[in-house]
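This report describes a protein model, beginning with a single residue and widening to the elements around it. Please consult the sequence and the structure shown below while reading.

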Amino acid sequence: MKFTLLRLTCKESTLLTSRRLDGPLSMGERIALRLHLAVCKACPAFDRQMQTLRQAMGQWRSYMERDDGSP
């Protein structure tokens, strides 16, 4: 999907935020996302929530890998 640097919508921003968790974004996508996050009130909160979920899932995954399965 091609994004317009100065006209990123909230829907496009949330898509890029989610994609960023799976892998690197292109330079244009990173710039567009940063610009949008700088001017939008809601999307930075979504971005923080996604980072928190990723961190929590990473901790849970580590816990499950250490667990030997006993009750």
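In this predicted model, E29 is buried, with a relative accessible area of 10%. A residue counts as buried when that value is under 20%, so E29 falls within the class. The side chain of E29 meets that of R19 in a salt bridge, at 3.1 Å from N to O. This pair links distant parts of the chain, since R19 belongs to helix α1 and E29 to helix α2, 10 residues apart. R19 itself is partly exposed, its relative accessible area being 33%.

**Salt bridges**

Side chains of opposite charge can pair when their charged atoms come close. The model contains 2 salt bridges. The second pair to be described is formed by the side chains of D47 and R20, at 2.1 Å from N to O. D47 lies in helix α3 and R20 in helix α1, so this bridge ties together parts of the chain that are 27 residues apart in sequence. D47 is buried, with a relative accessible area of 14%, whereas R20 counts as partly exposed at 30%.

**The chain as a whole**

The secondary structure of the protein chain consists of 3 helices and 0 strands, and along the sequence the pattern reads α-α-α. Of the 71 residues in the chain, 24% are buried. The accessible surface comes to about 5,700 Å², and carbon and sulfur atoms account for 58% of that area. When contacts between residues at least 6 apart in sequence are considered, 57% join residues at least 24 apart.

The three helices are set out below with their expected and modelled spans.

| Helix | Residues in helix | Expected span | Distance between end C-alpha atoms |
|---|---|---|---|
| α1 | 13 residues | 18 Å | 19 Å |
| α2 | 13 residues | 18 Å | 19 Å |
| α3 | 24 residues | 34 Å | 35 Å |

The expected spans rest on 1.5 Å a residue, and for α1 the distance between the end C-alpha atoms agrees with the expectation. Agreement is found for α2 and for α3 as well.

**Helix α1**

Helix α1 covers residues 10–22. Which residues of α1 are buried? They are S13, L16, T17 and L21. Seen down the axis of α1, these buried residues fall within an arc of 145 degrees, so they line one face of the helix. An α-helix has 3.6 residues a turn, so residues three or four places apart point the same way. On the other side of α1, K11 and D22 are exposed. The buried residues of α1 pack against α2 (27–39) and α3 (43–66).

S13 offers a detailed view of this packing. The residue is found in helix α1 and is buried, with a relative accessible area of 1%. Leaving aside neighbours within four places in sequence, S13 is in contact with L8, L33, H36, L37 and C43. Among these partners, L33, H36 and L37 are buried residues of α2, while C43 is one of the buried residues of α3.

**Helix α2**

The buried residues of α2 are E29, A32, L33, H36 and L37. Viewed down the axis of α2, they fall within an arc of 130 degrees, so they line one face of the helix. The face turned away from this buried side carries the exposed residues M27, R34, A38 and V39. Against which helices do the buried residues of α2 pack? They pack against α1 and α3. E29 thus joins two descriptions, because this residue is buried at 10% relative accessible area and also takes part in the bridge to R19.

**Helix α3 and the surface patch**

In α3 the buried residues are C43, P44, D47 and M50, and they pack against α1 and α2. D47, one of these buried residues, is the partner of R20 in the 2.1 Å salt bridge.

A nonpolar patch lies on the surface of the model. What is the area of this patch, made by M57, W60, Y63 and M64? The area is about 440 Å². M64 lies in helix α3 and is partly exposed, with a relative accessible area of 38%.

How values were computed
Residues numbered from 1 in each chain as written. Predicted model: local features only at pLDDT ≥ 70, side-chain atom pairs only at ≥ 80, totals over all residues. Heavy atoms only, no water. Helix = DSSP H or I, 4+ residues; strand = E, 2+ residues; numbered from the N terminus. Buried < 20%, exposed > 50% of the residue type's maximum accessible area, 1.4 Å probe, protein only. Contact = heavy atoms within 4.5 Å. Areas by Shrake-Rupley, 256 points an atom, 1.4 Å probe, with all protein chains shown as cover. Expected span 1.5 Å × (residues − 1). Arc of directions from axis to C-beta. Patch = residues over 30% accessible without salt bridge, like charges linked within 9 Å, V, L, I, M, F, W, Y side chains within 5 Å. Salt bridge = Lys/Arg side-chain N within 4 Å of Asp/Glu carboxyl O.
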